[in-house]
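User: Could you take a close look at one part of this model for me, and then work outward from there? I'd like one connected walk-through rather than a list.

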Amino acid sequence: MSYIVKTFGATFKYALKNSLRYLSAGWFIGINILGPIFFLLTSWNIYEIVRRYAGLEWKYAEFSNYVAFATVGFAFLGPILSASWSGAEGIRSEQQDGTLELIFITPSNKIAWLIGKMMAAQIFSLISLATTLITGSIFFGLDLLSKVNVPMAILGTTLTIVGMSSFSFALAGLTFIIKRTDDLNQFLWPTMTFLCGLTYPVEVLPLGAQVISWVFPLTHGVNITRRAILLGSGLFDPIIAVATVTILVQILIFIPIGLFLFTKFYNVARKTGALFTY
Amino acid sequence: MKLSKEWQIIKAIISRNIKMFFSYKISVLVTILWPIPILALNIYQYLGLGPSDMLAGVFGKEYGIVSLSGMVIVGTMIYLLYNRLLWGTGATLQSERWMGTIDVLFLTPASRMSILLGNGISSLIEGSWWICGVFILSWMLFGINVAIVSLPALVITLISTMMALISLGVFFASFFILTRAAEQVAISLQAPIRYFAGVAFPVSELPQFLHFIAYILPITYGIEALRKAVLAGATLLNLLGELSLLYLFAGVLLFLGYYLLRIMENKAKKDGSLYQY
């Protein structure tokens, strides 16, 4: 067990240092963290156009501040990117550095190694999440002081990240076989952003798209966190309760599938000698 | 400078890049698929706020644009082209570094500008595949009412935008020689440029104090010109302002890129940091 923890710790530190070495280009990292804020500004501009020229005021269920609604959604951009991409990126970068084969020859626990990489990537995304929420609070009327149910918001975010990690495991495994999962991720993260109700209620989408959106833990996680932050709701809110149970069930189903696929693809790559090739 | 020799370099680079592009079969398919959800996201951001007929009326009345989805699609396509050309031209030196070929490449007497232009042109060839693919797919999915009055105006606008964006890639290439974080730089610039260039809304709707940022970006003029050509029935005469600025950008950026590339390359050689990553 302690060996697994050591593997996790070493990989986590390595991946974090690897990101931090770009601090020589520190302001670029700053812009990266601020990335979701530009999406938020886009939402604000779009809302202003509709409000000013069409004279429409937005209201959806208990929510009446559109930009605050979108802020909570966009705050999740960083975590989704990291959760869906970090595993595949971890494998891909080792492939490109020519070190993947060496790592996988060692008797270290590969899952612990992968989780270490994924957790390091989440550090920056959590900073991005906090920065986006604070920006929303300063400029767009998101009230972070009076109503927020902090434990519920943290639980919602954590469940989302854990749920989305199953995709990361599967994509990491797929990287052994098809190599260029960065292209696949280019498709996956905007698809999730489009489907999971980050900037508009899922009900706006066509019915087919709504059904697909319920498959993603992100839809339920955003729902939980949004209600916890904007309405101060907790587990006794029926919508949050249903979303929490749904996401827990999804975690129980998706994580083993993700781990299974990772191991399966890893074994296929070993058998076909494709572990090292890129 | 012998033109035939430069053409050989450009041809070799194009041939290599096209082979690399087609060697990853999934990339070929995904490149035309992944912009679709981004387009859908922006279109549904509007549809989440009001009925489509009313919004179409607003855009027709306020901006002379015949299609809301068309506005988002044209903006996104030019933005994607910018991205492709920045990666394909500017950040290409970082790829050479990863592949361990940058010092070998820079030891050859090949003109650096020809190398970069070869990379830019191959990106355009790749780009033309997915520009057509994305346009047809998005047309089928979202429907675009076009108002093209002059086909030459459309073609010339597209070519002028591409030239300005290749020049931007060449300009950035020199910085990518010095930094080891070319990927970080390119990714970091995506979101701000997407916002300031008015990809999802007319750039005139940016707050006044941000206009100066929007108007120092060549991509802004490319988007404005193409929207006018495709969605507002503009002729070449109507587009003279935007097209002149695009050529001005192309000239200035190529000129600066050429000299900066030499300065940065010499600096990296003196520091011995060309190969390091």
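Analyst:
**From the end of a helix outward**

Right after α11(A), A:Gly273 adopts a positive phi of about 70°. Keep in mind that this is a predicted model.

Now back up into the helix itself. α11 of chain A covers residues 238-272, and at 1.5 Å a residue its 35 residues should span 51 Å. The C-alpha atoms at its ends sit 50 Å apart, which agrees with that expectation. Which residues of α11(A) are buried? They are A:Ile240, A:Ala243, A:Thr244, A:Ile247, A:Gln250, A:Phe254, A:Gly258, A:Phe262, A:Phe265, A:Tyr266 and A:Ala269. As for what covers those buried residues, the cover includes α6 (110-139), α7 (150-178) and α10 (217-231), again from chain A.

Next, the partner chain. In all, 39 residues of chain A are in contact with 36 residues of chain B. On the side of chain A that touches chain B, α2 (26-54) and α8 (181-195) of chain A each supply at least two residues. The most comes from α2(A), which gives 18 residues to that side. Sorted by class, the side of chain A that touches chain B has 25 nonpolar, 10 polar and four charged residues.

For one cross-chain example, try B:Glu205, which lies in the loop between α10 (182-196) and α11 (211-214) of chain B. Leaving out residues up to four places away in sequence, B:Glu205 touches A:Asn45, A:Glu48 and A:Ile49. Is B:Glu205 buried, exposed or partly exposed? With 16 other C-beta atoms within 10 Å, B:Glu205 is partly exposed, since buried takes 20 or more and exposed takes 12 or fewer. The C-alpha atoms of B:Glu205 and B:Ile125 are 33 Å apart, with these positions 80 residues apart along the chain.

Over in chain B, α13 (residues 240-271) is a good place to stop, with B:Gly257 in it. This glycine counts as buried because it has 25 C-beta neighbours inside 10 Å. Ignoring neighbours within four places in sequence, B:Gly257 is in contact with B:Ser167, B:Val170, B:Phe171, B:Ala173 and B:Ser174. Its C-alpha atom is 36 Å from that of B:Ala40, a residue 217 places away along the chain.

α13(B) also packs with α12 (residues 218-231) of chain B, at an angle of about 150° and with the axes 9 Å apart. That angle makes α12(B) roughly antiparallel to α13(B), and the crossing is left-handed. On the α12(B) side the contact uses B:Pro218, B:Tyr221, B:Gly222, B:Glu224 and B:Ala225, and α13(B) answers with B:Glu242, B:Leu243, B:Leu245, B:Leu246 and B:Phe249. By class, that's seven nonpolar, one polar and two charged residues.

One last pair from chain B: α3 (residues 35-47) and α8 (residues 112-142) pack at about 40°, their axes 10 Å apart. So α3(B) is oblique to α8(B), and this crossing is right-handed. The contact is built from B:Pro35, B:Ile36, B:Leu39 and B:Ile43 on α3(B), plus B:Val134, B:Leu137, B:Ser138, B:Leu141 and B:Phe142 on α8(B). Those residues divide into eight nonpolar, one polar and no charged.

Methods: Residues are numbered from 1 along each chain as its sequence is written. Chains are lettered from A and ligands numbered from 1 in the order in which they are written. This is a predicted model: local features need pLDDT of at least 70, side-chain atom pairs count only at pLDDT 80 or more; totals for chains, interfaces and linings use all residues. Two residues are in contact if their C-beta atoms, placed from the backbone, lie within 7 Å. Helices (H or I, at least four residues) and strands (E, at least two) are DSSP runs, numbered from the N terminus. Ala, Val, Leu, Ile, Met, Phe, Trp, Tyr, Cys and Pro count as nonpolar, Asp, Glu, Lys and Arg as charged, and the others, Gly among them, as polar. Axes are lines fitted to C-alpha atoms, for helices over the stretch in contact, and angles run from 0 to 180 degrees between N-to-C directions. Angles under 35 degrees count as roughly parallel, over 145 as roughly antiparallel, 65 to 115 as roughly perpendicular and the rest as oblique. A crossing is left-handed if the near helix is turned anticlockwise from the far one by less than a right angle, and right-handed if clockwise. The expected span of a helix is 1.5 Å times one less than its number of residues.
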